[in-house]
Each structure stands twice: as C-alpha cells, then as structure tokens.
Amino acid sequence: MAKDSVATSIRSRIGALLGILLLALSLRAAVVSVSPLLARIEADIPFTEFTTGLLAMLAPIAFAIFGLLTPRLIKSFGLEKTLIISLALAVVGQLARVFMPEVYSFLALSIVTLAGYGMGNVVLPPLVKKYFPERIGLVTSGYVTMLAIGTWMAPQFSVPMANLSNWKISIGSWALLSSLVLIPWMVQLFADRGVTRPEHPVNASGAAHPIAKINPWKSKVAWGLAIYLAGNSAQTYVYFTWLPPYLQNRGLDELTAGNMLALFAILGLPVSLLVPLWVPRLKNPIVAVLIFTACWIIGHLGIFLSPTHNTALWVCAAGLGQGTFAIALLMMNLRSRTTYGSGVLSGFAQGLGYAGAAIVPMLFGLVQKATDSWGAAFSMLAGCVVVMLIGAVIINPPRTIEDDSPSTEDLGKLERID
C-alpha cells in the first residue's frame, strides 16, 4: 500500500510538472502573435492609433482584473479546476476572435482569451509551491524558461505561418497549444485526489500551523511586488506592442521587425534559466535587479538613438533586461511561506501590477501621435524604470506576506484558512 501511495505521488508530480511546463509555454502566444501581423490584419479589420493602443492595453488590463479575482476562484474551486476554467476561456477566445468582422468584436474576444491566460498567470506560482515545495527554484527555472520559449515562438512563426495560409489561421492555430495543456491537468484532477499536500507551514514535529486570513492590501511585501511588477510589465508590453511598428516606421521590413520581437522574446530564455537558481542565493536580490535594469536602459537608449544600426545588439540588451520579470515570478514564492500565501501574493501583485502597466502602452502610442515624436514616447520608459526600482527596494528585505498578517496563535478567533 505504501509503495502504491509513493508511486501515485511520483506519477502525480510528473503529471503536475508536465502540466506546469506546458501551461507556461502557452501563456504568451495570444499576447505576442498579433502585433507582427497588425499591418496585414488591418486589410480586413481597420485599426487606428486608438484601437492599436487599446489592443496593447488589453493584456495587462485582463491580467490585472483576473489577477485580483483568481485567488477567490482558487479558494472556491481549487488550483486545478481554476486552471482548467482558464484554459477553456483561452481556447474559445482564440478560436472565435479570428472570425470577428470588425475591430471591437475582435478586441472583445481577445479579452476572453487574455482573461484565461491572466488566470493561468496567477495559478502558476502556487502550483509550483503546492507540488514542489522543496524544488521551488529549479521548477521556477523550468517554467520561466518555457514561458520565454513560448514568448519567442509566437512572433517568430506568426509571419511565416501567415505567409503559408493567412493571418486568421496563424493567430488561431495557437489555440491548439492551449488545448494540449488541458490533457495533463484533466488527468491530474483524478490522479491527485488521494494525495494530501500541506497548505500551511509545517514545524519540526510535522504539525501544520494554519494562518490567519491574509489581507494583501495591508502588506508591504504585496504592495512592493505590485509596484515592481507594474514598472517591469509596462516596459515589456510597450515592446510587445510597439517594437515591430516602431522599427517598420524607422525603415525595417515586416519580417525583420517581427524577428526583432522574437529575438527580444527568446532572450528571456537564458535569464529564465539563471535567475531562479542564482537569485535565491543572494542576500540582497536587488543586486540582480540593478544588473538587469542596466540592460533595459542600454536597450531603450540604443533602440531609440540607433534603431536601424546594430538593432539586434540593442534588442539583445533589452531582452536580457527581462530578468527583472523572472525575479518577480520567483519572489511570489520567496516572499511567501504557504500555497495560500503564494496564491494571494501572486494574484495581488499581478492584479495591481498589470493594472499599473496597462495604460503605458496606450499612452506610448498616443503621445507619439500627439507630439509626432518617438522621443517623447520613449521618455515614458525612463519613468517605468524608476517605478520598478522603487518596488525592488521594498521587496528586497527577507520578509513574507504572512509576516504582515497576525498568526492564529496570537489571534485564535480569526478565521482560519483550510
């Protein structure tokens, strides 16, 4: 019986690992597959500067709203069922939006798609903490790596797939990847039923200590991570939305501009491998933040001042700056002690963080249009760097979100989270 239990646990963990990695691979396709094809899409669906900026805002807005809602869904349905709901939304949204005849219906179905992926963003860190509490750095390294590969795949292959077929098939085909993610998690719902995993800290004697309900609105850790993620994500989504149009405006062709976005995306791969294995060893994680911030600054300046000369070099620098995002994902587990705490911190930080980032990509386009100057638009990225560094200072001390909530030992009458 014991051997059967151990074998079931091992199979369950393997299934969970496969599900986590496939989920990470699929999470960014809907975000980065559209902008390289935007000029082609406009032949069928007319986009303006306003609706292009609105498209840029959709991902961070959807991630923000559903980042705040997802912890409640997790509490009601559990991690795995919440994830399956999110994948169903993503698949339906991706398949349906390519049949929309005009811009606002296309954007509406994009919201459905991004809502699903926003939920998936929040669920990932607590899934790692639930199934692999003793291998958080290693598994985080794996899933952030797959996230980087997925972010690279969509812009890299979107234009070639559209050349072989059309833009609708190119964009809609990424729903297949999300459909594949459903398989291991549907299996996991049944395979993991008999396995008990602690949701609370365990002391030396093996006894679990429930904690009081966490209020992230009163947590310095949660606010710091949200501020940090807002500054980071604003920069990333400006690149996802505006890098190809900007480079085409400055003289590069459609394919080359799309390849530069793919290069930016794939450079999240080496830092994704490095950050979760290196940063937990640092006494002060802000050291790593400063190194990657320097990469962001070099990339911003190079792309603005010399967009058609040494373009790949500047894009590489900005791409390596994405290490700041890998740090944010890692901190969701390093700054929490429980699966519950990780879920609350993940939802709050991504909810408010993406909300803060949402307006920047749209303003980037509007400012450029109003001033007829890319310089005014690029100056906004400097403000994003400052915001990110403020958040980094706040989350640098080794404090968890549970530390900002009173323990049930001190307040026994408080509601306990089971």
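Here is a short chat between a visitor and a guide about the structure above.

Guide: Before we start, this is a predicted model, where local features need pLDDT of at least 70, side-chain atom pairs count only at pLDDT 80 or more, and totals for chains, interfaces and linings use all residues. Residues are numbered from 1 along each chain as its sequence is written, and side-chain values use heavy atoms, with hydrogens and water left out.

Visitor: What makes Glu-80 and Lys-130 a salt bridge?

Guide: The term asks for a side-chain nitrogen of Lys or Arg within 4 Å of a carboxyl oxygen of Asp or Glu. For Glu-80 and Lys-130 the N to O distance is 3.0 Å, so the pair fits the definition. Glu-80 sits in helix H5 (residues 79-97) and Lys-130 in helix H6 (residues 103-131), so the bridge ties together parts that are 50 residues apart in sequence. Helices here are DSSP runs of H or I with at least four residues, numbered from the N terminus.

Visitor: Why is Glu-80 called buried?

Guide: Buried means under 20% relative accessible area, exposed means over 50%, and partly exposed is in between (1.4 Å probe, protein chains only). Glu-80 has 10%, so it counts as buried. Its partner Lys-130 is buried too, because its value is 15%.

Visitor: How many salt bridges turn up in the whole structure?

Guide: The search finds 2. Besides the pair we just met, Arg-337 forms one with Asp-403, their closest N and O atoms being 2.8 Å apart. Arg-337 is in the loop between helix H15 (323-334) and helix H16 (339-371), while Asp-403 is in the segment after H17, so this pair ties together parts 66 residues apart in sequence.

Visitor: Are Arg-337 and Asp-403 buried or partly exposed?

Guide: Arg-337 has a relative accessible area of 39%, so it is partly exposed. Asp-403 comes out at 36%, so partly exposed is the word there as well.

Visitor: How many disulfides does the search find?

Guide: It finds 0, a disulfide being a pair of cysteine sulfur atoms within 2.5 Å. As for cysteines, Cys-295 is buried at 18%, whereas Cys-316 is partly exposed at 26%.

Visitor: What makes a nonpolar core, and which residues have the most contacts inside the largest one?

Guide: A core is a set of buried Ala, Val, Leu, Ile, Met, Phe, Trp, Tyr and Cys residues joined through side-chain atoms within 4.5 Å. The largest has 116 residues, and those with the most contacts inside it are Phe-47, Trp-185, Leu-225, Tyr-228, Phe-264 and Ile-327. Its largest share, 15 residues, comes from helix H10 (residues 220-249).

Visitor: What does Trp-185 touch?

Guide: Contact means heavy atoms within 4.5 Å. Leaving out residues up to four places away in sequence, Trp-185 touches several residues, including Ala-16, Leu-83, Tyr-131 and our salt-bridge friend Glu-80.

Visitor: Why is Pro-285 called buried?

Guide: Pro-285 has 6% relative accessibility, so it counts as buried. You'll find Pro-285 in the loop between helix H12 (268-278) and helix H13 (286-305). Beyond its neighbours within four places in sequence, Pro-285 contacts Val-279, Met-331, Arg-335 and Asn-396.

Visitor: And Ala-377: buried or exposed?

Guide: Ala-377 has a relative accessible area of 0%, so buried it is. Ala-377 belongs to helix H17 (residues 374-395).

Visitor: How do you know that Val-187 is exposed?

Guide: Its relative accessible area is 51%, so Val-187 counts as exposed. Val-187 lies in helix H9 (residues 175-191).

Methods:
Helices (H or I, at least four residues) and strands (E, at least two) are DSSP runs, numbered from the N terminus.
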